[in-house]
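The following exercises concern one chain and one of its helices. Each task is followed by a worked solution.

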Amino acid sequence: MPPEGLQTLLYIFNAITRLEYWPVPLKHSKIIMIPKPGKIPTDVTSYRPISLLPVISKNLEKLLLKRIYNDTYFQEWITLHQFGFRKAHSTIQQCHRLTDIINKALDDQQYCSAVFLDASQAFYKVWHQGLLLKIKQILPPAYFNLLIKSYLQNRYFVTTYNNETSPPFPMLSGVPQRSILGPLLYTIYTADISQSDKTILSTFADDTAITTTHSDPTLASANLQDHLRTIENWTRMWRLKINETKSSHLTFTLRRGHCPPLYINQTVVPQAETVKYLGLHFDKRLTWKDHVKTKRKQLDLKTREIYWLIGKHSPLSLENKLLIYKAVLKPVWTYGLELWGCASKSIIAVIQRYQSKLLRSITNAPWYVSNHTLHSDLHIPASTRFPGNGQLPITRPWGLTQTLSWNH
C-alpha cells in the first residue's frame, strides 16, 4: 500500500482499539468447500471447509496478539502442559516429553497407562459466554476485554461452492477458523482444564494425552480413571464433548498384561496396540516399528506422485532431483527423527533401503556402483552399514558438490 493508505489504515486501527468496537464488515467470513478425495459428494462430511477472513481484520489481530505475547502477564497464567500456539514449543517437544515418561516406565519395569482423547470439533464448540467470562477473569481490562467481546459477537459466514453462495448465517459458537486470535482464545478457554497430582497432562491445541505410571496396573488405571471423571465434569460444564469411540487407551510396558479398561461418560475407551499422537505412532513397547512402517507407506505414495519428475527417465538435472527429494520426500521420514532414531538397526534399515533405492533411480546408476559410493558422491549421509564399505558418518555435508563420475 502507498504511505497514504497505510496512514488511513492506522487511523482505522486506532479508532477500533479506542472505541473497543470491531466493525461488522471485518467479521464476515467466506467458507470455501474443498471436497475430500474418494468421498461421497452428496455427504456434507465429505468436504473440508476453509474460512477466508478479511485481510485488514487479520492484520489488526496480529498487532493485538503481538502485544499480548510480549507481556509478562501472559506468560504467568498460560499452562505449562499446553505446547500449542506457544513460542519455542513444538509438536516434537511435546512428543519428547511424552516419550521420556514412557521410557522411564519401561526402564523401571512399570506400567504406563495412557489415554489419548479426541475432542469433537473443539474449536467449533467454544461457548462464547463461557469464553468471555474466562477472558474477564484472566486478562486485565488493559487487554481490550470489550474489544474481544465485540470481536466474537455478531459474526456471520457464507458458504460458497462452485458459483453458488448461501445466505449469511450467524456464528453462535466457536472461535473464527484461520484467524490470528482464534488459537489464543482457545488456549484461554481450555487453560483451566482439570489436572491431577497422580497423572501427567500433555496437550497440543486440542490433542490431549494423559499418562500415569505405577507398578500395579490396577492402580495405574484407577488414577487415570479419577482424572477422567474430573475432565468429564469440566467438559460438561463448558459445553465441550469428547468422542469416546475415537479416543484410545494404551498400556506401555515390557511386562505381560494390560491395565484395566477406562470409561468416559460410561463408555469404554477402546484399547489399542498403537496410537498416533502429533504425527508419531507410539506402540506399547516403544520400538517405533509401526511408525517406520507407516512412514514407508507414505513415502511410496508420494514417490509415485512425483516419480515423473525424479525418475531415471526425467530430463530434470541431478541437482534439481536431489532438491525435490530433500524438500518433498525427506521431511516425511525425518519428522521426529530425534525420537525414533534410536530404534533398532533392522527398523532404521527400512528407511535406509528406501533412500538407497531412490537415489539409485534418481541418478540412474548402474548395478556395479555401490550404495556407499552413491551416498558419498551425492554427499547424503547413510544410517546403516553397507557390506564391505564400513560406516558412513552421519554428519556429512549436505548438497551436491561434485558430479557423479558414471554420468560422463
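**Exercise 1.** How far apart are the mean positions of the positive and negative charges of the chain?

Solution. The model is a predicted one. Begin with the counts: the chain carries 48 positive and 27 negative charges. Next, take the mean position of each set; the two means lie 5 Å apart.

**Exercise 2.** Describe the chain as a whole.

Solution. Start with the secondary structure, which comprises 13 helices and 13 strands. The C-alpha trace spans about 75 × 65 × 50 Å along its principal axes. Of the 408 residues, 45% are buried. Turn then to the surface: the accessible area is about 22,000 Å², with 57% of this belonging to carbon and sulfur atoms. Finally, among contacts with a separation of 6 or more, 66% join residues 24 or more positions apart.

**Exercise 3.** Which residues of α8 are buried, and what covers them?

Solution. First locate the helix: α8 runs over residues 217–237. From first to last C-alpha, its 21 residues reach 31 Å, close to the 30 Å expected at 1.5 Å a residue. Then apply the cut-off for burial, under 20% relative accessible area. The residues that satisfy this cut-off include Leu224, Leu228, Ile231 and Trp234. An α-helix has 3.6 residues a turn, so residues three or four places apart point the same way. The cover of the buried residues includes the helices α5 and α7 and the strands β3, β8, β9 and β10.

**Exercise 4.** Examine the two ends of α8.

Solution. At the start, a side-chain oxygen of Asp216 comes to within 3.1 Å of the backbone nitrogen of Thr218. At the other end, α8 is followed by Arg239, which has a positive phi near 60 degrees.

Key:
Residues numbered from 1 in each chain as written. Predicted model: local features only at pLDDT ≥ 70, side-chain atom pairs only at ≥ 80, totals over all residues. Heavy atoms only, no water. Helix = DSSP H or I, 4+ residues; strand = E, 2+ residues; numbered from the N terminus. Buried < 20%, exposed > 50% of the residue type's maximum accessible area, 1.4 Å probe, protein only. Contact = heavy atoms within 4.5 Å. Areas by Shrake-Rupley, 256 points an atom, 1.4 Å probe, with all protein chains shown as cover. Lys, Arg positive; Asp, Glu negative; His and termini not counted. Charge placed at Lys NZ, Arg CZ, Asp CG, Glu CD. Expected span 1.5 Å × (residues − 1). Polar contact = N/O pair within 3.5 Å; in protein donor to acceptor, adjacent residues only side chain to side chain.
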